[in-house]
Amino acid sequence: MTDSLLIHRPDDWHLHLRDGAMLRAVLPETARHFGRAIIMPNLVPPVVTSADAGAYRDRILAALPEGAEFDPLMTLYLTEGTDPADVAAAHASGLVKAVKLYPAGATTNSDSGVRDIDKVRPVLEVMAEIGLPLCTHGEVTDPEIDIFDREAVFIDRVMDPLRRAVPELRVVMEHITTSDAVEYVSSASAGLAATITTHHLVINRNHLLVGGIRPHYYCLPVAKRETHRLALRRAATSGDPRFFLGTDSAPHPDHAKETGCGCAGCFTATNTMSILAHVFEEDGALERLEGFTSLNGPNFYRLPVNPGTLHLEKQAEPMSYPAKIACDDGDVTVFDPGFPLHWRVI
Ligand code: NCD
Ligand code: ZN
């Protein structure tokens with residue numbers, strides 16, 4: 001039985017760090033295990049220009065604990081007013097590693113997102129030219145479309161036409177939740193990849209809704225039925241380099257989640273690596289964990305693999321971890337996978 005695993009230091013290709021007190025509270029949780037992360041730009045107001053991204057990066061670096069080695073990879077929030085020249089300059093300087101497409105209204109803080117994709121065509125064409133990836137929140141916002149179908153409909157209505165219109169554009173479908181998305185990415189030619197979160201490998205919609213509503217399992221895209229979770233598990237553990245980890249760890253204070261209209265987001269930064277080791281071992285794919293967390297992402301983003309390592313050990317006693325992370329804005333509940341964790345980062 002394998003009880004020790006040494007892998008290249010992992011990266012998180014989709015992470016929410018927020019700002020101010022929340023940034024200071026959650027950043028150490030990610031920096032402890034991860035070398036880099038793609039930092040989501042959905043602040044209020046959003047990170048739109050290269051100047052915004054530079055200032056936000058400085059705030060993140062200033063919030064890092066003493067001695068931590070963590071490189072925040074910045075993104076720009078695509079709006080219908082985004083200037084292609086600013087995007088090109090942000091890429092050329094090395095500051096920005098991706099641009100994020102939020103359909104307007106799709107999720108937390110997405111009001112400034114894109115309504116008409118044709119309006120951002122010039123930006124997408126420049127990105128295709130310079131090789132800057134587009135990260136997509138892949139859900140339509142049409143109120144007529146059932147929330148459980150919004151990802152599949154996005155593929156047909158937005159993703160596929162977009163990739164045909166700008167074929168050289170490199171695209172990451174983020175936090176995929178359906179077998180439809182797995183199939184779409186698996187059957188695509190070069191230039192398309194997908195991130196998968198930790199929580200979508202663990203929960204389906206029953207976890208969210210059966211026996212009482214569980215606000216800490218509510219995120220967007222919302223967890224789907226079990227067949228979809230199993231498709232995500234197969235994709236993540238397959239070794240296919242187009243699938244890699246993006247935790248979408250999205251902290252909200254408990255008072256904003258445990259309320260009549262709770263907001264979306266699961267906070268998984270603290271125990272993600274332990275949960276993933278459990279999941280990959282359960283699926284007989286422990287030797288593929290490193291590809292998913294540490295190799296496939298850099299390969300797609302054309303960045304070097306982290307030089308450092310991460311050591312996981314399986315212990316007989318389940319490990320303990322905090323149920324909540326303290327924050328001046330209100331405590332943040334850590335994702336509960338619903339099973340004991342025996343793999344610990346040492
Ligand atoms: C994210 C957030 O809270 O910023 N929430 C979530 O449920 N994933 C936004 C997002 O990535 O959709
Ligand atoms: Zn997210």
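Biologist: Which protein atoms are the donors of the zinc ion (ligand 2), and how far from it do they lie?
Modeller: Keep in mind that this is a predicted model. Along the chain, the donors follow the spacing H-x1-H-x231-D. They are His 14 (NE2), His 16 (NE2) and Asp 248 (OD), and their distance from the zinc ion (ligand 2) is 2.0 Å.

Biologist: What parts of the chain does the pair His 14 and Asp 248 tie together, and how many residues apart are they in sequence?
Modeller: Look at where each one sits: His 14 is in strand β2, while Asp 248 is in the loop between β9 and α9 (254-257). So the pair links parts whose separation in sequence is 234 residues.

Biologist: Is the arrangement around that zinc regular or irregular?
Modeller: Four donor atoms surround the zinc ion (ligand 2), and their angles go from 92 to 139°. For tetrahedral, all angles would have to lie between 85 and 135 degrees. That spread of angles therefore makes the arrangement irregular.

Biologist: Which strands stand at the edges of the eight-stranded sheet?
Modeller: The sheet is open and parallel, with the order β2-β3-β4-β5-β6-β7-β8-β9. An edge strand here pairs on one side only. That description fits β2 (11-15) and β9 (243-245).

Biologist: And which residue of β9 is the bridge partner of Ala 194?
Modeller: Strand β8 (residues 192-196) runs parallel to β9, and three bridges join the two. Ala 194 has its bridge partner in β9, and that partner is Phe 243.

Biologist: Which helix lies across β5, β6, β7 and β8, and at what angle to β7?
Modeller: The helix covering β5 (96-101), β6 (134-136), β7 (171-173) and β8 is α5 (residues 150-165). Its angle to β7 is about 165°.

Biologist: How do the residues of the contact of α1 with α2 divide into nonpolar, polar and charged?
Modeller: Helix α1 (residues 20-31) and helix α2 (residues 50-63) pack at about 65°, with axes 9 Å apart. On α1 the contact uses Leu 23, Arg 24 and Leu 27, and on α2 it uses Arg 59, Ile 60 and Ala 63. The split is four nonpolar, no polar and two charged.

Biologist: There's also an open sheet of three strands; which of its strands have a single partner?
Modeller: The order is β1-β10-β13, and the pairing is antiparallel. The edge positions leave one side of each edge strand without a neighbour in the sheet, so the strands with a single partner are β1 (4-8) and β13 (343-345).

Biologist: Which residue of β13 is the bridge partner of Lys 314?
Modeller: Three bridges pair strand β10 (residues 309-314) with β13 in the antiparallel sense. For Lys 314, the bridge partner in β13 is Trp 343.

Definitions and conventions: Residues numbered from 1 in each chain as written. Chains lettered and ligands numbered in written order. Predicted model: local features only at pLDDT ≥ 70, side-chain atom pairs only at ≥ 80, totals over all residues. Heavy atoms only, no water. Pairing = 2+ DSSP bridges. Helix = DSSP H or I, 4+ residues; strand = E, 2+ residues; numbered from the N terminus. Contact = heavy atoms within 4.5 Å. Axes fitted to C-alpha atoms, helices over the stretch in contact; angles between N-to-C directions. Nonpolar A, V, L, I, M, F, W, Y, C, P; charged D, E, K, R; others polar. Donors = N, O, S within 2.8 Å, 3.2 Å for Na, K, Ca; no water. Tetrahedral: all angles 85-135°; square planar, octahedral: opposite > 155°, others 65-115°.
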